[in-house]
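These are my notes from a sitting with one structure, kept in the order in which I looked things up.

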Amino acid sequence: MDTTQSVVERSAIKKVAIRLVPFVALMFFINYLDRTAISFAGPNGMNKDLALSAAQFGFASGVFFIGYILLEVPSNLALHKFGARRWLARIMVSWGIVSLVFTWVGNVDQLYVLRFILGVAEAGFFPGAILFLSLWVPAKHRSKILALFYLAQPLTTVIGAPLAGALIQQHGVFFGLEGWRFMFFGVAIPAIAIGVISWFYLADSPAKAKWLTSEEKTWLTGALDKEKAATSASNKHVSVRTVFGNGRVWMLSLIYFGFIYGLYALGFFLPTIIKGFESQFGTKFDVFQQGLITAIPYLPAAVALYFWSRDATKRGVKTWHIALPALTGAVSIPLALFAGSPAATIAVITITAMSIFAALPNFWTVPTQFLTGAAAAAGIALINTVGNLAGFSAGYITGWLKDWTGSYVVPMFVVGGFMLLSSILMVVLSRRGKASEGAPIETLDPAVSGHHAEP
């Protein structure tokens, strides 16, 4: 690469990182806040007002993912067909309207229905965002870009948990609404507003970006087309249909399942666990303080995400960049239940959160290494769909086991078990690809990654 091309490359990637990533990350921030708002509402009035048991709360949290799953693959294929700008805008406005209706939910059945419909409305957003960003940057820059995007998820809790607490404290101030109802109102409006703005702000491809110079457009388009051609040539038989029979895609789906099970078990139940400190340790925190405590594990998680992904970008994503965090999370999460104080409990949970978020952006560099076009859309959506089964399972199983056993000990051991499975499967996937210890994931054998389903 000559000096001129290197300057153009750096300039193009920098512009994408500055212009697109923060906006798409903001969309993701709102997305994650809206889907997890129920975790703040539950222990702060909603469970009492709607007479919810732990299992009912868990089912309401998890049923979102059933609706999400049903429309996941069709929605992502529609994004591939109609373009990210239109489809992501449509998704945001749709879920914003549904989120707004939570303000007036009256009973557990209405809550179930609204959570299901919210899942339908949000279907396709996350894999669509991953695919969208993958269409803007070549593979060697993708880990860095996805890491910057993924920072929005832990920061959602860092900022969103205290924000939710502050909104909940406005009990009866606005329209006479209970605090938890006003919180739903407050987090729904930004989704509608940003959805409308995204229609005008986003561009579907580098060639349509007015903020890139002609040289930058030429370089990005050329690099992406060259990469697409190379991937298509080596995987010319991989289609939407064969993706569903591809052994590597399914193994990646199971690995992702373990991560998402841990993510949402913490996301949905951490505020409830923190509220339980009062009975467990005799400590009392108001709603805003509970929000601040909920945020504590996620700021170090954001730092871990950034530096772990930075190392992966420097070295090339390797098996241990995904397997080691999974193993760390598997060991740490059950230990949190045996800590002797609120501070010790949150410290161990922080290690778990750091582990999950360190692995996730590196994990998402893998599917687009061997899938392109509609197959990439279907493959990413399938992996995310299986992962989101964990979103339903984590909510319902955790709540059900809590009701059955009377504590969170067994549920958290289940979380650790699924994360351990993710670590093991990542190593198995590497070994089946005949990769040497610590070799880049890209070197996995095509027989595992490519043309046909595993037997």
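Is Phe185 buried, partly exposed or exposed? I looked this up first, bearing in mind that the model is a predicted one, and found that Phe185 is partly exposed, with a relative accessible area of 23%. Since buried requires a value under 20%, I could not enter Phe185 under that heading, whereas Phe182, at 9% relative accessibility, does count as buried. I took the two residues together, as both lie in helix α10, three residues apart, which is about one turn of the helix. Their ring centres are 6.2 Å apart and their planes stand at 20°, so I noted the pair as stacked.

Entry on the other aromatic pairs. I noted that the structure holds 38 aromatic pairs, and from these I picked out Phe59 and Phe392, an edge-to-face pair with 5.9 Å from centre to centre and 80° between the planes. This pair links distant parts of the chain, with Phe59 in helix α4 and Phe392 in helix α19 (residues 373-405), 333 residues apart. I also looked up the accessibility of each partner: Phe59 is partly exposed, with a relative accessible area of 26%, and Phe392, at 19%, counts as buried. I then recorded a cluster in which ring pairs link Phe28, Phe126, Phe149, Tyr256, Phe363 and Trp364.

Entry on the nonpolar core. Which residues touch the most other members of the largest nonpolar core? They are Met46, Phe149 and Trp364, in a core of 143 residues. Helix α13 (residues 247-275) gives the most to this core, with 18 residues. I followed Phe149 further and, leaving aside its neighbours within four places in sequence, found it in contact with Val21, Val24, Ala25, Phe28, Phe126, Ala129, Ile130 and Leu133. Phe28 and Phe126, which are among these contacts, are also linked with Phe149 in the ring cluster.

Entry on the second largest pocket. I read off a volume of about 270 Å³ for this pocket, and of the 18 residues that line it I wrote down Ile273, Gln280, Leu337, Ser407 and Tyr408 as the closest to its centre. The lining divides into ten nonpolar residues, seven polar and one charged. Helices α13, α14 (277-281), α18 (342-363) and α20 (409-432) each supply at least two residues of the lining.

Entry on a serine in one of those helices. I found Ser355 in helix α18, where it is buried, with a relative accessible area of 6%. Not counting residues up to four places away in sequence, Ser355 touches Pro325, Thr328 and Gly329.

Entry on backbone angles. Most residues other than glycine have a negative phi, and I therefore set apart two that do not follow this tendency. Ala51 has a positive phi of about 55° although it is not a glycine, and it lies in the loop between α3 (46-49) and α4 (54-82). Phe175 also has a positive phi, near 60°, and its place is the loop between α9 (152-168) and α10 (179-201).

Are Ala51 and Phe175 buried or exposed? I entered Ala51 as exposed, with a relative accessible area of 60%, and Phe175, at 68% relative accessibility, counts as exposed as well.

Notes. Residues are numbered from 1 along each chain as its sequence is written. This is a predicted model: local features need pLDDT of at least 70, side-chain atom pairs count only at pLDDT 80 or more; totals for chains, interfaces and linings use all residues. Side-chain values use heavy atoms; hydrogens and water are left out. A nonpolar core is a set of buried Ala, Val, Leu, Ile, Met, Phe, Trp, Tyr and Cys residues joined through side-chain atoms within 4.5 Å. Buried means under 20% relative accessible area, exposed over 50%, partly exposed in between (1.4 Å probe, protein chains only). Helices (H or I, at least four residues) and strands (E, at least two) are DSSP runs, numbered from the N terminus. Contact means heavy atoms within 4.5 Å. On a 1 Å grid over the protein atoms alone, a cavity is a set of points where a 1.4 Å probe fits but cannot get out, and a pocket is an open set with protein on both sides within 12 Å along at least five of seven lines; lining residues have an atom within 4 Å of a point. Grid points are joined across faces, edges and corners, and a volume is the space filled by probe spheres set on the points. Ala, Val, Leu, Ile, Met, Phe, Trp, Tyr, Cys and Pro count as nonpolar, Asp, Glu, Lys and Arg as charged, and the others, Gly among them, as polar. Rings of Phe, Tyr and Trp (its six-membered ring) pair if their centres lie within 6.5 Å; planes under 30 degrees apart count as stacked, over 60 as edge-to-face and the rest as tilted.
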